[in-house]
Amino acid sequence: MCTATYVPLATNGFILTHSRDEKAIRPAARPPKAVSIGDQAVIFPQDPQSQGTWIASSARTTVCLLNGAFVPHQVQPAYKQSRGLVIPHFFTYPSINAFSAAYDFDHIEPFTLLVAEAERLTELRWTGQRLFTHEKDPNRAHIWSSVTLYTPDMIKKREGWFGDWLPQHPNPTVDDIRHFHQSAGDGDAETSIRMNRQHALLTISLTSIVQQDGDAEFIYEDFTQSTFSQQTIRPAYAIA
């Protein structure tokens with residue numbers, strides 16, 4: 001249940017920012033850490049319940065997940081695994097195409113997966129029965145809001161805030177987009193980008209990944225723990 005934005009950079013790169021909206025009683029996530037998956041270093045925070053994550057990045061690929069596909073769905077009694085494991089599994093495949101063709105999506109709760117690479121932005125939506133793949137324009141800015149948490153009217157309103165923000169920031173920095181994620185809204189905390197619904201559901205963390213010239217910067221702030229970290233991933237990144 002989240003919000004994500006993608007902003008292309010003028011110098012061959014992008015900023016992908018993800019607000020994690022969760023139940024207040026959810027255990028605190030483990031802070032971002034680099035792990036070796038295949039032949040690459042991948043950084044991600046980890047959910048202690050599922051051992052999965054909602055966002056991760058290598059030096060060349062950034063992946064994030066939002067709950068739900070196109071419309072709200074009926075939760076089934078049991079799924080074979082958490083959606084949070086999809087992202088670590090993704091990095092075991094050599095490409096987006098290989099992942100979408102070979103991964104076993106059956107009996108996983110519906111989700112939207114965003115995959116950003118240099119000059120490519122792909123949106124994969126799993127409905128529970130079928131996978132839809134859509135290539136988005138990597139040279140344009142985009143915003144997504146989880147369909148399980150926001151109604152179509154709320155989503156349209158948030159798209160409007162983003163559309164108003166973009167012309168005011170023709171060359172946005174990571175600080176600019178992080179400020180948008182923390183301040184955009186119309187005074188209603190339930191629909192603001194940094195949301196709060198009577199402390200039952202609220203935005204608990206904010207992650208930005210800046211990919212540029214073969215490097216990736218992973219910026220993570222946990223609002224519940226009042227912690228902030230910033231790490232750089234390079235192609236030859238060494239894991240201690």
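This passage looks at the main pocket, the nonpolar cores and one loop glycine in a predicted model.

Start with the pocket. The largest one comes in at a volume of about 480 Å³. Its lining takes in 21 residues, and E22, R26, N67, S82 and R83 sit closest to the centre. Two elements, β2 (13-23) and β6 (61-67), each give two or more residues to that lining, with β2 giving the most, at four residues. As for chemistry, the lining of the largest pocket splits into eight charged, seven polar and six nonpolar residues.

Next, the packing inside. In soluble globular proteins, nonpolar side chains tend to be buried together. Here the largest nonpolar core holds 23 residues, among which I55, C64, L66 and W144 touch the most other members. At least two residues of this core come from each of β1 (2-9), β2, β4 (40-46), β6, β7 (111-117) and β13 (215-222). L66 shows how far such contacts reach along the chain: leaving aside residues up to four places away in sequence, L66 touches C2, T3 and A4, then F111, T112 and L114, and also W144, S145 and S146. There is also a second, separate core, made up of 20 residues, including L65, I87, F90 and Y103.

Finally, the loop glycine. G214 lies in the loop that links β12 (201-212) to β13. G214 counts as partly exposed because its relative accessibility is 39%, a value that falls between the 20% and 50% cut-offs. Although 153 residues separate G214 from T61 in sequence, their C-alpha atoms are 9.8 Å apart in space.

Note on methods:
Residues are numbered from 1 along each chain as its sequence is written. This is a predicted model: local features need pLDDT of at least 70, side-chain atom pairs count only at pLDDT 80 or more; totals for chains, interfaces and linings use all residues. Side-chain values use heavy atoms; hydrogens and water are left out. On a 1 Å grid over the protein atoms alone, a cavity is a set of points where a 1.4 Å probe fits but cannot get out, and a pocket is an open set with protein on both sides within 12 Å along at least five of seven lines; lining residues have an atom within 4 Å of a point. Grid points are joined across faces, edges and corners, and a volume is the space filled by probe spheres set on the points. Ala, Val, Leu, Ile, Met, Phe, Trp, Tyr, Cys and Pro count as nonpolar, Asp, Glu, Lys and Arg as charged, and the others, Gly among them, as polar. A nonpolar core is a set of buried Ala, Val, Leu, Ile, Met, Phe, Trp, Tyr and Cys residues joined through side-chain atoms within 4.5 Å. Buried means under 20% relative accessible area, exposed over 50%, partly exposed in between (1.4 Å probe, protein chains only). Contact means heavy atoms within 4.5 Å.
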